[in-house]
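Subject: Structure handover

Hi,

Here is the structure I promised to pass on. Please load it first, then read the notes below.

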Amino acid sequence: MSSKNDIIKNLNPHYSWTLKLADIKTVEAVKFDNPVAEFLEISRFVGGDAVLLNEGEDVNALIKTLYPDAVRIASNLPEITIASFNPDETDDPHNLNDVELAIVKGELGVAENGCVWIPQNVRQKALYFISENLVIILDKNKIVNNMHEAYERVAGNDYGFGVFISGPSKTADIEQALVIGAHGAKSVRVIIN
Amino acid sequence: MSTKHAKAAKRFIRNREQEQWHNETLWLVRQKRDNMAMRIPEWEELREQANRIKAHTVAELACYLEQFSSAAENNGAIVHWAKDAQEHNEIVYDILKQHQVKKLIKSKSMLTEECLLNPYLIDKGIEVVESDLGERILQLMGEHPSHIVMPAIHKKREEVGKLFEEKMDSEKDNSDPTYLTHIARKYLRKEFLTADAAMTGANFGIAQTGEVVVCTNEGNADMGTSLCKLHIVSMGIEKVIPDLKSLSVFTRLLARSATGQPSTTYTSHYRKPIEGGEMHIVIVDNGRSKIQHNFNYERILYCIRCGACMNTCPVYRRSGGYSYTYFIPGPIGINLGMLKSPKKYSDNLSACSLCYSCNNVCPVKVNLADQIYRWRQRLNLFHKASTTKKLMSKGMKFIFGHPALYGAVLKIAPIINHLPRFLVYNKLNAWGHGRELPRFAGKSFNSMWKKGKQLTINN
Ligand code: SF4
């Protein structure tokens, strides 16, 4: 406790000329004519490989064609019929280590960088990272232009954990050579419907 | 008199091929950053806004820290305060001891490097595993990062291949980065699954909501924190920002500036502890609060550790991270070192050509070069100014102060072009070490001006 007091005390007094947060000019940020098209393009660029679900196309059938060999498929979404189990019934996240494919829902897409916002909507958040492949289903009406708009929508929501994901896990730590599949999912597909 | 930086740099450039690779690779990262910046028409305004938010926050830091800690406590996190590295390490160890932690898995944190946490914990019998690939490579080699974003940038693939052969049973002589990364993935997955606690740094702390934001590409911070019940966050006091609206400005700038990506792969928001678990946040001062009211240098606290100033710095690119004596190299490291201990780290001041490129790329507009310049003016106070250079400066001052003499000197200057090397590059000419003298023009500007000659610029 005393260290807290010391630190806070050290930081006082405030500058008298302090700039008020409300007085800082907010930038007019980039907007796109067609945010969905922009999202699709940038998502491909960052390895998120977004695809648009065609009218009348079945999402389960599409996922099956994308991952024909996946057997252990986790999803808690009622519309996903190809799931082999409901991960929310798993008490210990370590048991999710063998998941080949997880199918989850994204709440928000960002056109400028291909990020999808997922406030924790499964019991074990490990699912987003530990499964070999990840499919994120996103409503095309929930794609915003930029991060300013995104955080405007995120703010005020109650979540214990939330994450923006923009593609597969990657690294360039060996000689700056880009390698997909560092620790998290080796592939991420965003399906826009 | 060469500084320690100059001597170490000499060693680095002895390996020409490696030096060239290092230089070109980092320049490529700089170019990727430029491409990203150019795609955003409002880029410069965004930097300005980021700068102002930081100016505001740093001035009001006491309030924001209070707000952050009470919001975090409301979320169920346990907040600790550490005035220095020692207290930080003790707090972390106490938490680990209470939970009987044997293995701690860490994601990258420059603050824990600063506090020398790993050796402290290892000494107490705790197994510490770095999970960022670059950090893990260095940990296994017993070395420390040479760049704050690309820690193992000085390592060649063959060295990593050899290391993995020995430590991870990889194929002999296979140094393909994809192969090696996937070997490390398998190997580290086991570590993730058997760790008892996870530790992360913090890119941002949000005062309004009490959440901690961590940005990674590998997903290692999330692997650790979603498998372990115990999450410890180590966060410097300057990481706090007001709210999510402010965060949107920084998330747009960070990855674009750091690696030339539109965003990191994962931007994770930790607000509450995991189901049935605990989340601890250690807020660390370790000299930062002192900087806050130092008008000349407080901007250093705006830094979001993107590393762009290092990638653009011609001296860093050509001399490598290890040639600096402070654990953070490059323009940001020169300044942080000086604020830590001017006496101890003033050697790094020579690692700057005052080209000001760092100022121009910094996403939060830290005035890095101005600060280096300011420190140099004060070198005398730490008895570190080079005596030969001082002597020469005095001589120049005398010449500049006497117009007739100046004219005479200028007339004979071209003679230097024809002097033998040993006369020009001798021990007395401290600036001649590691530098080539430009050729003096046959005629001085002054004499051409007087003769009214047309100046032609042949560019
Ligand atoms: S000083 Fe600026 S450019 Fe350098 S690491 Fe910090 S934020 Fe990035």
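Why is helix α11 (residues 220–227) of chain B largely enclosed by the rest of the structure? Because 8 of the 8 residues of that helix are buried. They are B:Asn220, B:Ala221, B:Asp222, B:Met223, B:Gly224, B:Thr225, B:Ser226 and B:Leu227. One caution before the rest: this is a predicted model.

**Ligand site**

Where is the ligand? It sits in the largest cavity. The surrounding residues come from chain B. In the stretch from 303 to 309 they are B:Cys303, B:Ile304, B:Arg305, B:Cys306, B:Gly307 and B:Cys309. The shell also includes B:Ile332, B:Cys362, B:Pro363, B:Val364 and B:Leu368. By class, the shell divides into 9 nonpolar, 1 polar and 1 charged.

B:Arg305 deserves a second look. It is one of the residues around the ligand, and it belongs to the loop between α13 (288–292) and α14 (308–312) of chain B. Its phi is positive, about 55°, although it is not a glycine. Most residues other than glycine have a negative phi. Is B:Arg305 buried or exposed? Its relative accessible area is 17%, under the 20% limit, so B:Arg305 is buried.

**Another positive phi**

B:Asp173 also has a positive phi, near 60°, and is not a glycine. This residue lies in the loop between α9 (157–168) and α10 (177–194) of chain B. B:Asp173 has a relative accessible area of 56%. The cut-off for exposed is over 50%, so B:Asp173 counts as exposed.

**Aromatic rings**

How many aromatic pairs does a search of the whole structure find? There are 12 over all chains. A:Trp117 and A:Tyr159 form one that is edge-to-face. Their centres are 5.2 Å apart, with 75° between the planes. The pair links distant parts of the chain, 42 residues apart. A:Trp117 is in strand β5 (residues 116–119) of chain A. A:Tyr159 is in the loop between α5 (147–154) and β8 (161–165) of chain A. Both A:Trp117 and A:Tyr159 are buried.

There is also an aromatic cluster with members from chains A and B. It is formed by A:Tyr128, A:Phe129, A:Phe161, B:Tyr266 and B:Tyr270.

**Charges over rings**

Which charged end sits over the ring of A:Phe161? That of A:Lys125, 4.4 Å from the ring centre. A:Phe161 is also a member of the aromatic cluster above. In chain B, the charged end of B:Lys156 sits over the ring of B:Trp21. Here the distance to the ring centre is 4.0 Å.

**C-alpha distances**

Some separations to check against your own numbers:

- B:Lys343 and B:Leu381 are 38 residues apart along the chain, and their C-alpha atoms are separated by 9.1 Å. B:Lys343 lies in helix α17 (residues 342–345) of chain B. Its relative accessibility is 53%, so B:Lys343 counts as exposed.
- B:Val58 and B:Lys97 are 39 residues apart along the chain, with 34 Å between their C-alpha atoms. B:Val58 belongs to helix α3 (residues 43–59) of chain B. At a relative accessible area of 2%, B:Val58 is buried.
- B:Leu133 and B:Met38 are 95 residues apart along the chain, and 30 Å separates their C-alpha atoms. B:Leu133 is in helix α8 (residues 133–141) of chain B. B:Leu133 is buried, at 4% relative accessible area.
- A:Asn121 and A:Asn10 are 111 residues apart along the chain, with a C-alpha separation of 42 Å. A:Asn121 is in the loop between β5 and α4 (127–130) of chain A. With a relative accessible area of 28%, A:Asn121 is partly exposed.

Over to you.

Best wishes

Definitions and conventions
Residues are numbered from 1 along each chain as its sequence is written. Chains are lettered from A and ligands numbered from 1 in the order in which they are written. This is a predicted model: local features need pLDDT of at least 70, side-chain atom pairs count only at pLDDT 80 or more; totals for chains, interfaces and linings use all residues. Side-chain values use heavy atoms; hydrogens and water are left out. A residue is near a molecule or strand if one of its heavy atoms lies within 4 Å of it. On a 1 Å grid over the protein atoms alone, a cavity is a set of points where a 1.4 Å probe fits but cannot get out, and a pocket is an open set with protein on both sides within 12 Å along at least five of seven lines; lining residues have an atom within 4 Å of a point. A molecule sits in a cavity or pocket if more than half of its atoms lie within 2 Å of its grid points. Ala, Val, Leu, Ile, Met, Phe, Trp, Tyr, Cys and Pro count as nonpolar, Asp, Glu, Lys and Arg as charged, and the others, Gly among them, as polar. Buried means under 20% relative accessible area, exposed over 50%, partly exposed in between (1.4 Å probe, protein chains only). Helices (H or I, at least four residues) and strands (E, at least two) are DSSP runs, numbered from the N terminus. Rings of Phe, Tyr and Trp (its six-membered ring) pair if their centres lie within 6.5 Å; planes under 30 degrees apart count as stacked, over 60 as edge-to-face and the rest as tilted. A charge sits over a ring if NZ of Lys or CZ of Arg is within 6 Å of the ring centre and within 35 degrees of the ring normal.
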